[in-house]
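The following exercises concern helix packing, burial and backbone geometry. Each task is followed by a solution that proceeds step by step.

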Amino acid sequence: MHKVKVGVIGCGKISSIYMENCRKFEALELIACADLDLERAREQAARYEIPRVYSTDELLADPDVELVINLTIPAVHAEVSLRALEAGKHVYVEKPLTVSREEGRRVLETAAAKGLLVGCAPETFMGAGIQTALKLLEDGVIGKPVGATAFMMSGGHETWHPDPEFYYAAGGGPMFDMGPYYLTALVQLLGPIRKISGMTGKALEERTITSEKKYGQKIPVDIPTHVAGLLEFEEGAIGTMIMSFDIFGGSTLPRIEIYGTEGTMLVPDPNTFGGPVKFRRKGDQEWTEQPLLPGYDQNTRGIGPADMAYAINSGRPHRASGELAYHVLEAMWAFHDSAEQGAFYEMQSTFKRPAALPQGLAPYTLDH
């Protein structure tokens, strides 16, 4: 098959796992990387045997690069993605798709006008954990889904992250940081969202960094750090969701549970690719752990661009699509808009639910 030639823009911490896995998938050939810090780009290029080290302008001008993986900071996701599309490249971007809905629409409209593909993280729903949960739902093991819960309960990132300021500035917060993982998993399992009701708050106006690099520095908190609300899915299920950086004493709440007419399913951490997946049907006294489907149960970031490469080659839909990512972006803003307006937010976007991965695949392939 034709290996799609890839260039990575943004050589920070998250780039390592992408670069490692891009070398493994049969559909990808990683040929270039770029970063504002050229020395950092050179270090990653040496580590992962990437032949071309560029500035962003140089990478976008390289006619050999077909697919750009955009790993820049969220504030410039839209700018870099749009420049790549204008240069005739397909784009896969780290979450979120963009910071604003207006930017997200521009990215999708530009791609459509140019006949190019846009993909977006998170791709963890393609891992064995969520794929196994999806198979249980499709097989009717817990009956028709009627409800769901999703909880991300954290004390915040200032205790461990070397540069936590972003998480408390505009575009940050628990919903925009971790919401993409939980919402993407929910809509893969339950389908598009019809409407959302939200409430937001924040426990502290200022936080103190206790991680080593900037120990003792103060951070103003400019965004909500506790977001709670309800989701109504188009197929009828009702979800309850809390995303919080204000849980200072820990929590025992589950990551995600799905409730059906015949039982309950425990869904694994959507920030991972593995399990466990458990279910308990009506009348059962114990939980049953479902063996994971054969597939990707380790950190396989890069599977989204690899899936796009098959779509580029064959014309089939890709799973971690821009439309899916935009629906999740709109949903994240919906919680905040609903809280500010004191009313339900009616979703304007939708998407076609991604197909399950085929079974019996060879390692680091996505099509037979």
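The model is predicted.

**Exercise 1. Accessibility in helix H2**

Task: Determine whether Leu38 is buried, partly exposed or exposed, and describe its surroundings.

Solution.
Step 1. Leu38 has a relative accessibility of 33%. The partly exposed class lies between 20% and 50%, so Leu38 counts as partly exposed.
Step 2. Leu38 belongs to helix H2. Beyond four places in sequence, Leu38 touches Val53, Tyr54 and Ser55.
Step 3. Between Leu38 and Thr56 the C-alpha to C-alpha distance is 9.9 Å, and the two are 18 residues apart in sequence.

Task: Carry out the analysis for Ala41, and state how far its C-alpha atom is from that of Leu266.

Solution.
Step 1. Ala41 is also located in helix H2.
Step 2. The relative accessible area of Ala41 is 0%. Buried means under 20%, and Ala41 is therefore buried.
Step 3. Setting aside residues up to four places away in sequence, Ala41 touches Cys11, Cys33, Ala34, Asp35 and Val53.
Step 4. The C-alpha atoms of Ala41 and Leu266 are separated by 41 Å, with their positions 225 residues apart along the chain.

**Exercise 2. A histidine in helix H4**

Task: Is His77 buried or exposed, and which residues does His77 contact?

Solution.
Step 1. His77 is part of helix H4, which covers residues 77-86.
Step 2. With a relative accessible area of 1%, His77 falls under the 20% limit and is therefore buried.
Step 3. Apart from neighbours within four places in sequence, the contacts of His77 are Asn70, Thr72, Val93, Glu94, Lys95, Pro96, Leu97 and Thr98.

**Exercise 3. The largest nonpolar core**

Task: Identify which residues touch the most other members of the largest nonpolar core, and which helix contributes the largest share.

Solution.
Step 1. The largest nonpolar core has 109 residues, and Leu183 and Ile258 touch the most other members.
Step 2. Helix H7 (residues 173-190) supplies the largest share of this core, with 11 residues.
Step 3. Outside four places in sequence, Ile258 touches residues that include Leu186, Leu189 and Leu190. Also among its contacts are Leu137, Ile142, Pro145, Gly263, Thr264, Met265 and Val267.
Step 4. As a general background, nonpolar side chains tend to be buried together in soluble globular proteins.

**Exercise 4. Two helix pairs that share H7**

Task: Classify the packing of H7 with H9 by its crossing angle.

Solution.
Step 1. The axes of H7 and H9 (residues 322-341) come within 9 Å and cross at roughly 120°.
Step 2. Roughly perpendicular ends at 115 degrees and roughly antiparallel begins over 145. H7 and H9 are therefore oblique to each other.
Step 3. The crossing of H7 and H9 is right-handed.
Step 4. On the H7 side the contact involves Met175, Phe176, Gly179, Pro180, Leu183, Thr184 and Val187. On the H9 side, the partners include Leu324, His327, Val328, Met332, Trp333 and Phe335.
Step 5. By class, the contact of H7 with H9 has 12 nonpolar, four polar and no charged residues.

Task: Repeat the classification for H6 and H7.

Solution.
Step 1. H6 (residues 128-138) and H7 pack at about 30°, with axes 9 Å apart.
Step 2. Angles under 35 degrees count as roughly parallel, so H6 is roughly parallel to H7.
Step 3. The crossing of H6 and H7 is right-handed.
Step 4. Ile130, Gln131, Ala133, Leu134 and Leu137 of H6 meet Ala185, Gln188 and Leu189 of H7.
Step 5. This contact has six nonpolar, two polar and no charged residues.

**Exercise 5. Backbone exceptions**

Task: Locate the cis bonds that precede Pro122 and Pro276.

Solution.
Step 1. As a reference, most residues other than glycine have a negative phi, and most peptide bonds are trans.
Step 2. The bond from Ala121 to Pro122 is cis, with omega near 5°. Pro122 sits in the loop between strand S6 and H6.
Step 3. Gly275 and Pro276 are joined by a cis peptide bond with omega about 5°. Pro276 lies in the loop between strands S14 and S15.

Task: Describe the phi values and accessibility of Glu49 and Tyr364.

Solution.
Step 1. Glu49 has a positive phi near 55°. Glu49 is in the loop between helix H2 and strand S3, and at 61% relative accessibility Glu49 counts as exposed.
Step 2. Tyr364 has a positive phi of about 60°. Tyr364 is in the segment after strand S17, and at 26% relative accessibility Tyr364 counts as partly exposed.

Terms used: Residues are numbered from 1 along each chain as its sequence is written. This is a predicted model: local features need pLDDT of at least 70, side-chain atom pairs count only at pLDDT 80 or more; totals for chains, interfaces and linings use all residues. Side-chain values use heavy atoms; hydrogens and water are left out. A nonpolar core is a set of buried Ala, Val, Leu, Ile, Met, Phe, Trp, Tyr and Cys residues joined through side-chain atoms within 4.5 Å. Buried means under 20% relative accessible area, exposed over 50%, partly exposed in between (1.4 Å probe, protein chains only). Helices (H or I, at least four residues) and strands (E, at least two) are DSSP runs, numbered from the N terminus. Contact means heavy atoms within 4.5 Å. Axes are lines fitted to C-alpha atoms, for helices over the stretch in contact, and angles run from 0 to 180 degrees between N-to-C directions. Angles under 35 degrees count as roughly parallel, over 145 as roughly antiparallel, 65 to 115 as roughly perpendicular and the rest as oblique. A crossing is left-handed if the near helix is turned anticlockwise from the far one by less than a right angle, and right-handed if clockwise. Ala, Val, Leu, Ile, Met, Phe, Trp, Tyr, Cys and Pro count as nonpolar, Asp, Glu, Lys and Arg as charged, and the others, Gly among them, as polar.
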